[in-house]
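Biologist: I am new to this structure. Please pick a single part and take me through it closely, with whatever surrounds it.

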Amino acid sequence: MSTAVTSNARDIMAKLYRASEPDVLKPLLDRAALDSDSRERVMGHALGLLADLRAAQSKGWVNQFLQEYRLNSSEGVALLSLAEAFLRVPDPETADLLIADKLGDADWRAHAGKSNSKLVNSATWGLVVGRVLVGEGSTGPLRRLISRAGEPFVRQAVGAAMKMMGEIFVMGRTIDEAMKRMRRPENKGFTASFDMLGEAARTHTDAQRYFQAYVGAVDAVGRDPAAGHSISVKLSALHPRYEVARWSECVPALTEMLEALAVQAASKGIALTVDAEESERLEMSLDIIGAVAGLPSLKGWDGFGMAVQAYGKRARPVIEWANGLDRVMNVRLVKGAYWDSEIKRTQVEGLADYPLFTRKAATDVSYLAVAKDMLAAENIRPAFASHNALTVATIMEWAGNSRDFEFQRLHGMGDGLYERLVQENGYHCRVYAPVGGHRDLLAYLVRRLLENGANSSFVHQLADERLTEAEILADPVAKIAAVGGKRHPSIPLPVDLFGARGHRNSAGLDLSDVGTLEATVAAVNAPLSPNLHPGEGRGPIGGGGLAEDGASSRQTSQLDPGLRRGVQMGLAGVPLRPPLRVHMRRFRVGPPRRSTIAPLASNA
């Protein structure tokens, strides 16, 4: 491992974690920009890809269903709510109440007969019937006609619909079923990265079950290594306390489990990639990935990889770090999957700034800048996951005649974008293919529907007939340059969350930052002088301002001695051993936190 390179990259990450958005974007704009000739060629390719995409969107009933019921409509929100909750409802009575709540207020008749798909129109009439049964009283003729069927009929129909919707986004219930499906004619020329669904382990029993699922998946895919399929691993599924406060516990344990899976994959001749997760887990994941990447037992195996999320402000130095590992690394570049929760968590916890970009165009700029770095990196084998025609065309322009990289798309999305590139132009595309049962599907399905339905998403804009091709393919660099890289105006910094309500939001402690957490532990454990007066003897451990080195995660406000005394009493007898073995509470200073949180704007 090139220690100097990786160490420098980690230092840069610390400074960028919650840095000002315009400051982070300034170098990215230069890196992502196209000259006029390149822009003309990119637009030509993008228009062709756009035509292929639109042709595919008009054929599939699922695409048309999602277009008819978008998330900016009450009907779309109702269906999302049903999809998220219905399959895990424990009893019929609760299921009936949920259906009545979600179907009862929406105007399903407004969608009747509007789609070009007979199947979508049939589904709409099913929703109309469902609303009649649960929300239009007992005197209507349609209600009387089907009253004998009653709620059980609706319950079964909704359950079947939710399962059908889920199956669109899942390759198979088991790894064998998923591999069999990949052999269908429509997947000819594509390879798959199988992801065993399981968002996060709640217990060690969960973690062990997920680990065994990964072991079984590696074994199954390894029976046919020539097919070129791979496995994706989510670290949060392998440990129930994958969090900064449990660093000394979870990082060694996860390193051991990832090593076992990597050694198994290497022996089978297949690739294995570590998925990206929430921003506070990035530093831990790099320790785990770096340790496994440097193992002598894996030397010569070029199948190890990781995913990087372009919506994070630290994406570029993460690429620099990966390139400095002195081995080939497969890097999957994605836009990012946790935007909504990351924004909300930063606001709720009163932190200094957001760890990611607040505008979708800024994420696109970051993606392009990082993609260019990956294409130029000596030790990185790039994989570009995108459903955006402009992004794909730009990467093709920069790569020239090279085919030493691959594109990736999600199963159930992006149909039409890559078929011609794979079958006629020699590009390689891998399908990210989730595997699991319906109960494991829920969180994944919601993320996919949110990505499809957000008004700033390329898939959503593609379905909007009011937008011109020029608007859909607008240059993100020009968009961000026009606003000076400023944060989205509807997403204030957490300190300004209450706007004109007369006070600043209270500042929280960024306990996802190791330095802040260690300082907090030290301050809590420090003895208090019996003669200490308020305002004396406080340590610089909390707050919201920038430290002298400019790193927003190094905070400067302080714990009140009285609060600290109470905390110490509450932790009496709890051993605190470096590097941290307990999860500290999140202490805040300032006025009491209000329960009303400003609504989020779309990442537009």
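**A close look at helix 2**

Modeller: The structure holds zero disulfides (pairs of cysteine sulfur atoms within 2.5 Å). The model is predicted, so local features need pLDDT of at least 70 and side-chain atom pairs pLDDT 80 or more, while totals for chains, interfaces and linings use all residues. Residues are numbered from 1 along each chain as its sequence is written, and side-chain values use heavy atoms, without hydrogens and water.

The part to look at is helix 2, residues 21-32; helices here are DSSP runs of H or I with at least four residues, numbered from the N terminus. Its twelve residues should span 16 Å at 1.5 Å a residue, taken times one less than the number of residues. The end C-alpha atoms of helix 2 are 16 Å apart, which agrees.

Glu21, Val24, Leu25, Leu28, Leu29 and Ala32 are the buried residues of helix 2 (under 20% relative accessible area with a 1.4 Å probe, protein chains only). They sit on the same side of helix 2, because they cover an arc of only 135 degrees around the axis, taken from the directions from the axis to the C-beta atoms. Asp23, Lys26 and Asp30, on the other side of helix 2, are exposed (over 50%).

The buried residues of helix 2 pack, with heavy atoms within 4.5 Å, against helix 1 (3-16), helix 14 (315-323), helix 16 (360-376), helix 17 (389-399) and helix 22 (476-482). Outside helix 2, cysteine 250 is buried at a relative accessible area of 0%, and cysteine 429 counts as buried at 1%.

Notes: Helices (H or I, at least four residues) and strands (E, at least two) are DSSP runs, numbered from the N terminus.
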